[in-house]
Amino acid sequence: DGPAEVTLRSPPPLDEELRVDRESDGRVIVRAGDRLVAEARPVDLPLEAPAPVGFADAQAASRAYPSPTEHYYPDCFVCGPARPPGDGLRVFAGAMAGREVAAAPFVVDDASLCDDAGAVRSEIVWAALDCPSWFGVACFHTVPTNVLIGRLAGRVERRPRAGERCVCVGWFIGREGRKIHAGSAIYAGDELCAVGRAVWLVLR
């Protein structure tokens, strides 16, 4: 509950049951067998998001998506161009004209991605905070393409409703060697729904 920070310790396996343990200090540990996969912990996340982007402006920015044909992970659930409509989130963030943020429309109309009350599931909101943060970097800076997210801190203010027209934005924060820091946010109109801070790692 509340803002959290998740750190990946090893690649999460697919089609394999994972064990989730809740520790007395509030941490959550995820393991595949004896292998540590991820750790999560409560955090404060005072990160401020940039001004919201209008839905039409986000649609225009998305047409400038930098990876429509060449993508390091074309089957990515969030931003993979190889996924057809109706499969994955297809959040294609491109550079906003006149601002150093990337933006994309974000509308979830698949009932399987929502809870029984019609709100987008928390894990889908977190997913939508992931990739736009990277394109907030890649649209404006010369960076390697062999990167993976290593850590994501997030704060969800409100989960969007099914079919609600939202906008994802991403922006560059800074770089320390192999670590690239970036922010992301989800807006419904002028309302901030969620904000995140990511650490992307350049692979050796």
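## Before you start

A residue counts as buried when its relative accessible area is under 20%, as exposed when it is over 50%, and as partly exposed in between, using a 1.4 Å probe and the protein chains only. By that rule R175 is partly exposed, with a relative accessible area of 44%.

This is a predicted model, in which local features need pLDDT of at least 70 and side-chain atom pairs count only at pLDDT 80 or more, while totals for chains, interfaces and linings use all residues. Residues are numbered from 1 along each chain as its sequence is written, and side-chain values use heavy atoms, with hydrogens and water left out.

## The sheet

A good place to begin is the open sheet of ten strands, whose order is β2-β3-β4-β1-β7-β10-β9-β8-β6-β5, with antiparallel pairing. β2 (19–22) and β5 (94–95) stand at the edges with a single partner strand each, so one side of each has no neighbour in the sheet. Strands here are DSSP runs of E with at least two residues, helices are runs of H or I with at least four, and both are numbered from the N terminus. Two strands are said to pair if DSSP finds at least two bridges between them.

Now follow the pairs along the sheet. Strand β1 (residues 4–8) runs antiparallel to strand β4 (residues 35–42), with five bridges between them; L8 has A38 of β4 as its bridge partner. β1 also pairs with β7 in the antiparallel sense, over four bridges, and here T7 is matched with R151 of β7.

## From β7 to the hairpin

Is β7 largely enclosed or left open by the rest of the structure? Seven of its ten residues are buried, so β7 is largely enclosed. Nine bridges link β7 to β10 in an antiparallel arrangement. Along this pair, A153 sits opposite R197 in β10, and R155 has V195 of β10 as its bridge partner.

β10 meets β9 as well: the two are antiparallel and share ten bridges. One of the facing pairs is H181 with V199 in β10. β9 and β10 form a hairpin with two residues between them, and in the turn G189 has a positive phi of about 65 degrees.

## Two helices on the sheet

Helix α2 (residues 122–138) lies across β1, β6, β7 (147–156), β8, β9 (179–188) and β10 (191–202). It runs at about 125 degrees to β9. For such angles, axes are lines fitted to C-alpha atoms, for helices over the stretch in contact, and the angle between N-to-C directions runs from 0 to 180 degrees.

## Residues to look up

E5 is a residue of strand β1 and counts as buried, at 15% relative accessibility. Which residues is E5 in contact with, leaving aside its neighbours within four places in sequence? They are E39, A40, R41, V43, R151, L152 and A153, where contact means heavy atoms within 4.5 Å.

R175, which you met at the start, belongs to strand β8. Not counting residues up to four places away in sequence, R175 touches P144, I180 and V202. Its C-alpha atom is separated by 19 Å from that of P46, and the two residues are 129 residues apart along the chain.

## Loops and surface

Two residues have a positive phi without being glycine. D15 has a phi of about 55 degrees, lies in the loop between β1 and β2, and is exposed, with a relative accessible area of 86%. R90 has a phi near 50 degrees; you will find R90 in the loop between α1 and β5, where it is partly exposed at 29%.

The loop between α1 and β5 also holds Y72, which is partly exposed with a relative accessible area of 48%. Y72 joins Y73, L148 and L203 in a nonpolar patch on the surface, with about 360 Å² of accessible area together. Patch members have over 30% relative accessible area and no salt bridge; like charges are joined within 9 Å, and nonpolar side chains (Val, Leu, Ile, Met, Phe, Trp, Tyr) within 5 Å. A salt bridge is a side-chain nitrogen of Lys or Arg within 4 Å of a carboxyl oxygen of Asp or Glu. Accessible areas come from the Shrake-Rupley method with a 1.4 Å probe, and for residues only the protein chains shown count as cover.
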